[in-house]
Structure formats: C-alpha cells, structure tokens
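Reader: Hello! I would like a close look at a single part of this model, and then a walk through whatever surrounds that part.

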Amino acid sequence: MDPVLIISTLLTVVKGVKAIAGELKLPTTDYETEITKLQSLIDEINANDAEWRKNHPG
Amino acid sequence: MKYFISLILTLTLSACALLPGSMRTVPPETQVAHEAVIVTTALLTVQKTIISLNEARIINDNDTRFCLDKILQANGIAAQLKTALDFWHKYGQSATALSLMDSFKKAIKDLKAGMPAAALNNLDIKSNLIALLNAWS
C-alpha cells in the first residue's frame with residue numbers, strides 16, 4: 001500500500017464528488033421552505049404596490 | 001493491496017450512493033419553486049428600486065405606475081405558479097406549472113422591454129433584470 005497513492009486517490013474522489021455536486025446546483029432546502037419563501041415574497045410585492053398606489057392616487 | 005482495493009471500492013460506492021440519494025431528495029416541483037424564489041426575490045428588488053427612484057424624482061409617477069403594473073402582472077403569475085406548484089406537490093406533475101413558468105419568463109421580458117430609460121440606467125435595476133433573465137437561461 002503506497003500512502004501517496006491512497007491520499008491522491010482520496011483527493012481525486014473528493015474533487016469528483018464536489019464537481020458533480022456543483023454541476024447539479026441542487027437546492028439544499030425542502031418544498032415547504034421554498035413555497036413559504038415564495039408566498040412571503042409575493043405578499044411583500046403586493047404590499048409595496050398597494051402602499052405606493054395609496055400615496056400616489058391617479 | 002487487498003485493503004487498498006477495498007478502500008477504493010468503498011469510496012466509489014459511497015460517492016455513487018450519495019449522488020442519486022441527493023437527486024431523490026429534491027423533487028422537480030421543489031427545484032421549480034427554488035427558481036421561482038430566485039426570480040421573485042429579484043422582482044422585489046426591482047420594485048423597491050423603482051419606488052426609490054420615484055421618491056428621488058428620477059422617474060415620474062406615470063413611468064413608475066407603468067413599471068409597477070408590469071411588476072404586479074409578473075407577481076400575479078408568480079402567485080398562480082405557487083398554486084400550481086402546490087397542486088403538483090400534492091397530486092403529481094403539472095403541465096400548468098411548467099406553462100406558468102414560461103408566462104413568468106415572458107412577463108419578465110416585457111418588464112425589461114417596457115422599462116423607462118431613466119430607470120434602466122440605474123445599476124440596481126440593470127443588474128437585477130439581468131439576474132431575472134439569467135435565472136431562466
């Protein structure tokens with residue numbers, strides 16, 4: 001067993017996994033978290049719009 | 001040598017087991033919801049910037065109203081998309097959700113096309129519109 005070969009193989013495997021994971025760019029969160037974020041963004045846009053129109057009738 | 005081969009095999013199998021596992025944990029509707037969050041976040045930033053530019057009197061009320069109308073339309077599609085995604089998550093793949101994604105993309109392009117020059121020259125708007133459009137490419 002050559003320790004240099006083992007370390008180099010380990011590094012190659014780690015690099016490969018990191019590269020593939022990077023390519024996939026998967027979200028690290030679940031559906032409920034994403035959909036809750038989406039709803040709060042939608043609500044905030046609606047609230048800002050209503051506020052501006054209230055101050056700028058016409 | 002036997003240990004070395006065993007080590008390589010273990011590492012390779014671990015890597016292989018890890019990847020499909022990660023893919024299984026992210027269903028497609030979660031991926032779509034994630035993209036929708038990115039785009040809607042940028043849409044909110046564009047809206048805030050437009051309102052700030054109006055308060056600073058860089059763009060007038062008419063132009064601001066025009067942009068806010070477009071933003072509201074896109075936000076309406078995002079709300080429909082959210083409903084379609086919930087349906088998808090509960091009952092299975094939804095063609096409506098994918099079609100709404102396309103409508104959302106068109107609404108964003110309309111927003112960029114209709115933006116007054118005074119607003120578009122603002123760096124925040126430019127960079128966020130680019131982020132919005134890039135999220136779909």
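Is A:L41 buried or exposed, and what is its relative accessibility?

Author: Happy to help! A:L41 has a relative accessibility of 11%, so this leucine counts as buried, the cut-off being under 20%. Please keep in mind that the model is predicted. A:L41 sits in helix α2 of chain A, which covers residues 31–55. Once its neighbours within four places in sequence are left aside, A:L41 is in contact with B:V37, B:T40, B:T41 and B:L44. As for A:P57, 16 residues away along the chain, its C-alpha atom is separated from that of A:L41 by 24 Å.

Those contacts lead us over to chain B. Chain B has six helices and zero strands, and 40% of its 137 residues count as buried. Its exposed surface is about 7400 Å², with 60% supplied by carbon and sulfur atoms. Taking contacts between residues at least 6 apart in sequence, 69% join residues at least 24 apart.

Helix α2(B) has 28 residues, which should span 40 Å at 1.5 Å a residue; the end C-alpha atoms are 41 Å apart, so the two values agree. After α2(B) comes B:R57, with a positive phi near 60°.

Helix α4(B) makes a nice companion case. This helix runs over residues 95–114 and reaches 29 Å between its first and last C-alpha atoms, close to the expected 28 Å. Its buried residues are B:A97, B:L100, B:M101, B:F104, B:A107, B:I108 and B:L111. They cover an arc of only 125° around the axis, which means that they lie on the same side of α4(B). The general background is that an α-helix has 3.6 residues a turn, so residues three or four places apart point the same way. On the face turned away from that buried side are the exposed residues B:A95, B:K106 and B:A113.

What covers the buried residues of α4(B)? The cover includes α2, α3 and α6 of chain B. The axes of α3(B) and α4(B) are 9 Å apart and make an angle of about 170°. The two helices α3(B) and α4(B) are therefore roughly antiparallel, since the angle is over 145 degrees. Among the residues making this contact are B:F66, B:I71, B:L81 and B:W88 of α3(B), together with B:M101, B:F104, B:I108 and B:L111 of α4(B). Of these, B:M101, B:F104, B:I108 and B:L111 also belong to the buried residues of α4(B).

Conventions:
Residues numbered from 1 in each chain as written. Chains lettered and ligands numbered in written order. Predicted model: local features only at pLDDT ≥ 70, side-chain atom pairs only at ≥ 80, totals over all residues. Heavy atoms only, no water. Helix = DSSP H or I, 4+ residues; strand = E, 2+ residues; numbered from the N terminus. Expected span 1.5 Å × (residues − 1). Buried < 20%, exposed > 50% of the residue type's maximum accessible area, 1.4 Å probe, protein only. Arc of directions from axis to C-beta. Contact = heavy atoms within 4.5 Å. Areas by Shrake-Rupley, 256 points an atom, 1.4 Å probe, with all protein chains shown as cover. Axes fitted to C-alpha atoms, helices over the stretch in contact; angles between N-to-C directions. Parallel < 35°, antiparallel > 145°, perpendicular 65-115°, else oblique.
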